[in-house]
Amino acid sequence: MEFSAGAVPTLIIQGDDDQIVPLDGSGRLSAQIVKDATLKIYPGAPHGLANTIAYRDPLNADLLDFLRGKL
């Protein structure tokens, strides 16, 4: 798949404390490659932040904002 040819808005989410997938080599790089991408970084969030109770509500709010075109 050619990510740079993307034709739809894309939300890329990642925690800045991801010890499994480094932010610079994944989230930030993806945001540069994917056309019309928005990168949302969660301070202190680990890998798997969607399954972390502390980030559940902010993540859900950001997903809704993105879908509504507000992020």
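**Strand pairing and the nonpolar core**

In this predicted model, strand E1 (residues 10-15) and strand E2 run parallel and are joined by six bridges. Between these two strands the chain passes through helix H1 (residues 27-33), and the resulting β-α-β crossover from E1 to E2 is right-handed. One of the pairings can be followed at the level of single residues, since Gly 15 has Tyr 42 as its bridge partner in E2.

Ile 41 also lies in strand E2, which spans residues 37-42. Although Ile 41 and Gly 15 are 26 residues apart along the chain, their C-alpha atoms are separated by 5.5 Å. When neighbours within four places in sequence are left aside, Ile 41 is in contact with Gln 14, Asp 16, Leu 23 and Arg 28. The relative accessible area of Ile 41 is 27%, and this residue is therefore classed as partly exposed, the range for that class lying between 20% and 50%.

Tyr 42 belongs to the largest nonpolar core, a set of five residues that also includes Ala 45, Leu 49, Tyr 55 and Leu 59. In soluble globular proteins, nonpolar side chains tend to be buried together. For Ala 45, the contacts beyond four places in sequence are with Gly 15, Asp 16, Asp 17, Asp 18 and Tyr 55, the last of which is itself a member of the core.

The side chain of Tyr 42 is, in addition, joined to that of Asp 62 by a polar contact of 2.7 Å. Asp 62 is located in helix H2, which comprises residues 53-67, and Asp 62 counts as buried because its relative accessible area is 11%, the limit for this class being under 20%.

Terms used. Residues numbered from 1 in each chain as written. Predicted model: local features only at pLDDT ≥ 70, side-chain atom pairs only at ≥ 80, totals over all residues. Heavy atoms only, no water. Core = buried A, V, L, I, M, F, W, Y, C linked by side-chain atoms within 4.5 Å. Buried < 20%, exposed > 50% of the residue type's maximum accessible area, 1.4 Å probe, protein only. Contact = heavy atoms within 4.5 Å. Helix = DSSP H or I, 4+ residues; strand = E, 2+ residues; numbered from the N terminus. Polar contact = N/O pair within 3.5 Å; in protein donor to acceptor, adjacent residues only side chain to side chain. Pairing = 2+ DSSP bridges. Right-handed = clockwise from strand over helix to strand, strands pointing away.
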